[in-house]
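Grab a pencil and work through these exercises with the model open beside you. Each task comes with a worked solution.

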Amino acid sequence: MAQETSRDVGPVVLLGPPGAGKGTQAKRIMEKYMIPQISTGDILRHNVAQGTELGIQAKAIMARGELVPDELMYPMVRERLSRADCKRGYILDGFPRTAGQAGWLDALLEDKFFENSRPTRAWPIVIRLDVDYNQLLLRITGRRSCPTCGRIYNVHFQPPRTDELCDLDGTKLVTRNDDRLEVIQPRLKAYQEQTAPVADYYQRTGRLVAVNGDLPIDEVTQRIFRILEDHHG
Ligand code: AMP
């Protein structure tokens, strides 16, 4: 799709509820600008699977759907952002989740800015994908995936050719455990409660840009690219 570019992008924070299309858009930003996507949820799940000290401490907390304490999060995030692949920028997904974490990130980036000979830009640009609540419910409850090849469908918007069977290998499609209606409503509520203060924090400092996530996927991508280009114009 979009032409790749190796310009410095700096930190990009993607905010948006489950089902807003963050994963899809992050992948496109990653491909165009060749910067990594950093999902704190993925790093934690990896640590749990590997049985590391961090994983052992985080496991029960994550199973309850609570936030992992900052004293475990901060060293993990600091270590990841100091790696070479983050030099030109990165996309943060799932971090920061509280206003306290947003302030901590700013302080970290400010330090890096002064200590680093080729710093990424000091402040993150924060993009929030806004999607209508009913649309979110349809997107999440309609989501199905193929347990064999991993392909994602949506029974409302991108149905398979044959009812509930994968187009590629004919496997019966499944619904993710946390995509069931009774789980989605608390997930969306938790998102609102946790993330609203993060959005407020960035709004106050003039770094929040909202994008209408109800638009077609390609249109959302174009808007995000334009924001990133303007940011560095
Ligand atoms: P996610 O995949 O982003 O939904 O994250 C899965 C789980 O990892 C969350 O429910 C939290 O327990 C934990 N987690 C991820 N990111 C953070 C964060 N920034 N602060 C605290 N806990 C987090």
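**Exercise 1.** Work out how helix 2 passes helix 3: is the crossing left-handed or right-handed? Then find the angle at which the two pack.

*Solution.* Keep in mind that you're looking at a predicted model.
- Step 1: helix 2 (residues 40–50) crosses helix 3 (residues 53–63) in a left-handed way.
- Step 2: their axes sit 8 Å apart, and the packing angle is about 115°.
- Step 3: angles from 65 to 115 degrees count as roughly perpendicular, so that's the label for helix 2 and helix 3.

**Exercise 2.** Do the same for helix 6 and helix 7: what is the angle between their axes, and which hand does the crossing have?

*Solution.*
- Step 1: helix 6 covers residues 133–141 and helix 7 covers residues 181–204.
- Step 2: the two axes come within 11 Å and cross at roughly 135°.
- Step 3: roughly antiparallel would need an angle over 145 degrees, so helix 6 and helix 7 end up as oblique.
- Step 4: the crossing of this pair is right-handed.

**Exercise 3.** Describe the surroundings of the ligand: how many residues surround it, and which helix gives the most to the shell?

*Solution.*
- Step 1: count the shell, and you get 13 residues, with T40, R45, E66, G94 and R97 the closest.
- Step 2: sort them by type: six are nonpolar, four polar and three charged.
- Step 3: helix 2, back from the first exercise, is the top contributor, with four residues.

**Exercise 4.** Which polar atoms of E66, G94 and Q101 lie by the ligand, backbone or side-chain?

*Solution.*
- Step 1: E66 uses a polar backbone atom, 2.6 Å from a ligand oxygen.
- Step 2: G94 also offers a polar backbone atom, here 2.9 Å from a ligand nitrogen.
- Step 3: with Q101, a polar side-chain atom is 3.0 Å from a nitrogen of the ligand.
- Step 4: for the overall cover, the ligand on its own has 480 Å² of accessible area, and the protein covers 82% of that.

**Exercise 5.** Check the backbone in two loops: is the peptide bond from F95 to P96 cis or trans, and is the phi of M34 positive or negative?

*Solution.*
- Step 1: start with the usual picture: most peptide bonds are trans, and most residues other than glycine have a negative phi.
- Step 2: the F95 to P96 bond is cis, with omega near -5°. P96 belongs to the loop between strand 3 (89–93) and helix 5 (99–115).
- Step 3: M34 isn't a glycine, yet its phi is positive, at about 55°. Look for M34 in the loop between helix 1 (22–33) and strand 2 (37–39).

Note on methods
Residues numbered from 1 in each chain as written. Predicted model: local features only at pLDDT ≥ 70, side-chain atom pairs only at ≥ 80, totals over all residues. Heavy atoms only, no water. Near = heavy atom within 4 Å. Polar contact = N/O pair within 3.5 Å; in protein donor to acceptor, adjacent residues only side chain to side chain. Areas by Shrake-Rupley, 256 points an atom, 1.4 Å probe, with all protein chains shown as cover. Nonpolar A, V, L, I, M, F, W, Y, C, P; charged D, E, K, R; others polar. Axes fitted to C-alpha atoms, helices over the stretch in contact; angles between N-to-C directions. Parallel < 35°, antiparallel > 145°, perpendicular 65-115°, else oblique. Left-handed = near helix turned anticlockwise from the far one by under 90°.
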